[in-house]
Amino acid sequence: MPGSKSHERYIQIEHTGDIGIKIFGNSAQELFANAAYGMFDVMVDISELEHNVSETIDVAADNYEELLVTWLTELNYIFISENRIFDKFEITRFKNFELSSIISGDTFDPRKREIYSEIKAITYHELYVKQNGDKWEAQVIFDI
Amino acid sequence: MSSLKFLQKTDYLWEIPQEGKMRVPGRIYASKKMLNSIRADNAPDQVCNVAHLPGIVNYSLAMPDIHWGYGFSIGGVAAFDLDEGIISPGGVGYDINCGVRLLKTSLNRKDVSGHIKKIIDLLFQSIPTGVGSKGALRITHNELKRVMLDGAKWATDKGFGDASNLEFIEENGQMPGADPATVSERAMDRGTPQLGTLGSGNHFVELQYVDKIYDHDAATTLGLTEDQVTLTIHTGSRGFGYQICDDSIKKMLRASEKYDIYLPDKQLCCAPIRSPEGKEYLAAMACAINYAFANRQVISHWACESLESALGFSKGTIKFQLVYEVAHNIAKEETHLVDKKPVKLLVHRKGATRAFGPGSHDVPEKYRKIGQPVLIPGDMGRYSYVLSGTEGAMNETFGSTCHGAGRLLSRHKAIDAAKGRSIFRELEDIGIYVRSTGKKTLAEEMPEAYKDVSDVVDAVTGAGISNKIARLKPLGVIKG
């Protein structure tokens with residue numbers, strides 16, 4: 001479950017059937033990295049994760065909202081298809097709604113770690129990304 | 001709290017008047033007591049949002065188990081004119097053709113008493129459950145294409161169960177119009193390892209007995225008697241369906257712009273039914289529908305084998321018969337009366353069940369005089385219901401009714417409420433043995449997280465859109 005130490009990165013929001021997170025960052029890059037962290041944190045136990053695997057991810061979209069959904073969808077797909085979980089997201093390029101990142105984490109071992117929720121998809125429902133000076137905030141709801 | 005205006009039409013029906021850009025009024029089926037909790041959610045606003053979509057006919061409808069969804073509410077029903085209307089993947093949901101099947105057995109409650117733990121343990125062993133569970137079936141992409149086209153028949157052809165059961169599945173377990181060429185590689189990659197898996201969340205296999213019969217004639221037609229042992233399976237199209245929905249939503253966002261469709265919420269994105277984008281989604285959706293039909297057929301075969309083996313019987317000793325199988329996340333072309341004339345419509349049901357009345361040719365001949373059986377699972381601590389469709393449903397709701405209890409607590413609140421308690425033990429104390437992969441799933445799914453399904457059933461029967469036949473009580477459950 002999301003611990004108090006992660007509160008500055010994101011908070012979980014209440015919805016009857018699904019799970020949503022509100023994400024914070026001091027830059028767009030940080031916001032996107034925190035969103036990825038938040039998604040894995042509500043999905044699976046990522047405490048004290050070793051960094052034995054890393055991957056490069058490139059995604060692109062037409063606006064920030066779509067970029068956020070595309071980015072999280074890609075990461076969720078990697079979890080599902082490759083059975084890997086991540087807690088470190090270094091955004092190496094962020095321009096014109098294109099994002100490149102090096103993500104680090106470990107292979108998921110169900111004997112050691114609990115899965116909290118299966119995320120079927122990242123939805124567009126009540127989705128937003130907004131900037132107020134150097135403060136960025138976003139909201140995304142997962143269908144679980 | 002929703003600030004919308006609700007006009008009481010009957011004891012169980014409330015209308016939200018057409019306002020602003022709404023094309024039709026909204027209608028919610030619920031008792032007065034239920035309406036208060038429904039209003040606390042944003043779901044009625046979602047009923048209004050759906051009323052904005054082009055080509056919607058008569059009303060944007062919601063059943064009493066309505067709760068907040070994304071885009072369309074869960075419990076929503078909306079019918080669209082084939083020429084003017086739209087198809088929206090959000091009106092079907094991510095778990096395309098999530099559904100319920102009920103099997104009756106030749107066993108009596110006494111025959112399984114003392115063996116529940118063994119049966120449930122064996123069910124849990126033989127049916128893969130949990131997040132991202134992978135099946136014992138390892139099929140290729142080519143085989144998956146057969147599944148997409150043939151549905152439940154693929155499974156019976158492979159020896160999973162009896163083909164004589166297929167007529168008791170909606171669409172006979174095989175949705176026409178499927179085109180595997182519309183399905184992405186990614187969906188196929190997610191679909192191949194998950195065929196024959198239950199998944200997580202509210203999906204389950206439950207061992208039950210018939211505890212009460214309300215309509216003896218209808219129960220006789222269905223072959224249900226008091227104390228008879230039954231099995232209910234609730235699952236859908238797994239990652240295959242989720243990916244098809246996800247892929248389609250991206251395309252539909254573009255299509256909504258292209259066709260200049262006003263969307264009060266992006267998740268309602270859609271395309272005209274007859275547009276290339278609309279046709280493509282319908283063909284891909286049919287593939288996922290068939291996948292789910294096959295999935296339930298395979299799981300049901302394993303469930304039957306487990307039951308026999310747990311009781312030490314040889315194969316074929318217990319007589320299993322499929323009572324019926326319903327889909328509750330689906331869009332289908334159907335003919336309904338609009339202004340007393342038969343019109344072909346595309347009916348979206350998201351967390352709602354088809355409930356065709358007596359005499360309908362889409363109901364198996366054996367059941368035609370009583371109407372289509374409707375299966376309404378409740379939470380795992382209380383009971384489930386067998387209902388049937390009515391003439392009232394045909395006249396008012398495009399032959400639709402509720403699909404379940406509906407959540408009362410968010411998953412987060414349910415986990416909080418379960419802290420320091422053993423849900424497993426609490427259920428065991430009332431005679432229900434549960435196995436689940438995740439402790440968290442059990443907390444999220446505990447009985448008090450759900451509305452009492454009998455309130456939902458009373459509302460749909462009170463409104464005349466369903467008829468109550470029987471109630472089933474759980475003996476044991478496997479969850480994801």
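Start in chain B of this predicted model by selecting helix 5, residues 141-150, together with helix 10. Their axes lie 6 Å apart and make an angle of about 95 degrees, so the two helices are roughly perpendicular to each other. To see where they touch, show the side chains of B:Leu144, B:Val147, B:Met148 and B:Leu149 on helix 5. Facing them on helix 10 are B:Ala286, B:Cys287, B:Asn290, B:Tyr291 and B:Ala294. Colour this contact by class and you will find eight nonpolar residues, one polar and no charged ones.

Keep helix 10 of chain B, residues 276-310, on screen and add helix 9, residues 238-258. Which way does helix 9 run relative to helix 10? The angle between the two is about 170 degrees, with the axes 10 Å apart, which means that helix 9 of chain B is roughly antiparallel to helix 10 of chain B. Their crossing is left-handed.

Now pick out the residues where helix 9 and helix 10 of chain B meet. On helix 9, look for B:Arg238, B:Phe240, B:Gly241, B:Ile244, B:Ser248, B:Lys251, B:Met252, B:Ala255 and B:Lys258. On helix 10, the partners include B:Glu277, B:Glu280, B:Tyr281, B:Met285 and B:Asn295. By class, this contact has ten nonpolar, four polar and five charged residues. Two names here may look familiar: B:Cys287 and B:Tyr291 of helix 10 are in the contact with helix 9, and they are also in the contact with helix 5.

Next, bring chain A into view and look at the contact between the chains. How many residues does each chain bring to the contact? Chain A gives 30 and chain B gives 37. Together they bury about 3200 Å², with carbon and sulfur atoms giving 53% of that area. Four salt bridges are found across this interface. For one to zoom in on, select A:Asp62 and B:Arg254, which form a salt bridge with their closest N and O atoms 3.7 Å apart.

Finish inside chain A with helix 1, residues 28-43, and helix 2, residues 64-82. The axes of these helices are 10 Å apart, at an angle of about 40 degrees, so helix 1 of chain A is oblique to helix 2 of chain A. Here the crossing is right-handed. Show A:Phe32, A:Ala35, A:Ala36, A:Met39, A:Phe40 and A:Met43 on helix 1. Among the residues they meet on helix 2 are A:Tyr64, A:Leu68, A:Trp71, A:Asn76 and A:Phe79. The contact of these two helices divides into 13 nonpolar residues, one polar and no charged.

Key: Residues numbered from 1 in each chain as written. Chains lettered and ligands numbered in written order. Predicted model: local features only at pLDDT ≥ 70, side-chain atom pairs only at ≥ 80, totals over all residues. Heavy atoms only, no water. Axes fitted to C-alpha atoms, helices over the stretch in contact; angles between N-to-C directions. Helix = DSSP H or I, 4+ residues; strand = E, 2+ residues; numbered from the N terminus. Parallel < 35°, antiparallel > 145°, perpendicular 65-115°, else oblique. Left-handed = near helix turned anticlockwise from the far one by under 90°. Contact = heavy atoms within 4.5 Å. Nonpolar A, V, L, I, M, F, W, Y, C, P; charged D, E, K, R; others polar. Buried area = accessible area lost by both parts, 1.4 Å probe. Salt bridge = Lys/Arg side-chain N within 4 Å of Asp/Glu carboxyl O.
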